[in-house]
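Please examine the sequence and the three-dimensional structure shown below. The paragraphs that follow lead through selected places in the chain, one after another.

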Amino acid sequence: MKEATSISFEMLREIYLTGAGYKAKWQKSKNSLSRDNLNEILKDIPRHSYTKYLNKNTLTDAYFKECEKSLKDEHLYIVISSTGSPASEFISLFTNKTYNHVSLSFDQDLKTIISYNGGENITMPGLNQEKIISFNKKMMLL
């Protein structure tokens, strides 16, 4: 009976941290679900149709030559990042993960980095080479 009626400082701390977590998630969801973000996502969805999975020659001969140079490297490099796009923020709401975009590279210097992406809204979605300078500051290498 005594245990049921007492509250420890640790319990109060956990209640506080839980509340703070909910508050942070609410603030993040307000931004992720803003009218501008949702409009951009809805405008972009038709570009990502699986029936239009095209690259339109975005992977150049120079890209494949860089890939050939990396054949001696036996590793495959996985880059996990947060792109900072409205779609990325929206996905993060449901996954509770900061990093939700994955790219592959065949070399350690990331000259051959590639992923399924919309090519900075320049090219059709598909396997496109990525530019390191276009990555968000949040990036982690595995």
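In which loop is the place of Leu-110? Leu-110 sits in the loop between E2 and strand E3, the latter spanning 114-117. The model under discussion is predicted. The phi angle of Leu-110 is near 60 degrees, which is a positive value in a residue other than glycine. As background, most residues other than glycine have a negative phi. Leu-110 has a relative accessible area of 12%, and because buried means under 20%, this residue counts as buried.

A second residue with a positive phi is Asn-96, whose angle is near 55 degrees and which is likewise not a glycine. Asn-96 follows just after H5, in the loop between H5 and E2. Its relative accessible area is 53%, and since exposed means over 50%, Asn-96 is classed as exposed. Leu-110, by contrast, is buried.

The helix that precedes Asn-96 deserves attention in its own right. Within H5, the residues Pro-86, Ser-88, Ser-92 and Leu-93 are buried. These residues lie on the same side of H5, because they cover an arc of only 160 degrees around the axis. The partners of the buried residues of H5 are H2 and helix H3 (35-44), against which they pack.

On the other side of H5 in the sequence lies a loop that connects strand E1 (77-81) to helix H5 (86-95), and Thr-83 is placed there. Thr-83 has a relative accessibility of 34% and is therefore partly exposed. Thr-83 and Thr-98 are 15 residues apart along the chain, and their C-alpha atoms are separated by 9.7 Å.

Strand E2, which covers residues 101-105, contains Ser-103. The relative accessible area of Ser-103 is 0%, so this residue is buried. The side chain of Ser-103 nevertheless has a polar partner: it makes a polar contact with the side chain of Glu-130, at 2.4 Å.

Attention may now turn to charged side chains. How many salt bridges does a search of the whole structure find? The search finds two. One joins Arg-13 to Glu-10, with 3.8 Å between the closest N and O atoms. Both residues belong to helix H2 and are three residues apart, about one turn of the helix. Arg-13 is partly exposed, at 48% relative accessibility, and Glu-10 is also partly exposed, at 43%.

The other salt bridge is formed by the side chains of Glu-66 and Lys-69, with an N to O distance of 3.3 Å. These two residues are separated by about one helical turn, because they are three residues apart in helix H4, which comprises residues 61-69. Glu-66 is partly exposed, with a relative accessibility of 24%, whereas Lys-69 is exposed, at 62%.

Finally, the surface also carries nonpolar side chains. Ile-7, Phe-9, Met-11, Leu-12 and Ile-15 form a nonpolar patch there, and together they have about 590 Å² of accessible area. Ile-7, one of these residues, is placed in the loop between helix H1 (2-5) and helix H2 (9-32). With a relative accessibility of 59%, Ile-7 counts as exposed, because the limit for that class is over 50%.

How values were computed:
Residues numbered from 1 in each chain as written. Predicted model: local features only at pLDDT ≥ 70, side-chain atom pairs only at ≥ 80, totals over all residues. Heavy atoms only, no water. Helix = DSSP H or I, 4+ residues; strand = E, 2+ residues; numbered from the N terminus. Buried < 20%, exposed > 50% of the residue type's maximum accessible area, 1.4 Å probe, protein only. Patch = residues over 30% accessible without salt bridge, like charges linked within 9 Å, V, L, I, M, F, W, Y side chains within 5 Å. Areas by Shrake-Rupley, 256 points an atom, 1.4 Å probe, with all protein chains shown as cover. Salt bridge = Lys/Arg side-chain N within 4 Å of Asp/Glu carboxyl O. Polar contact = N/O pair within 3.5 Å; in protein donor to acceptor, adjacent residues only side chain to side chain. Arc of directions from axis to C-beta. Contact = heavy atoms within 4.5 Å.
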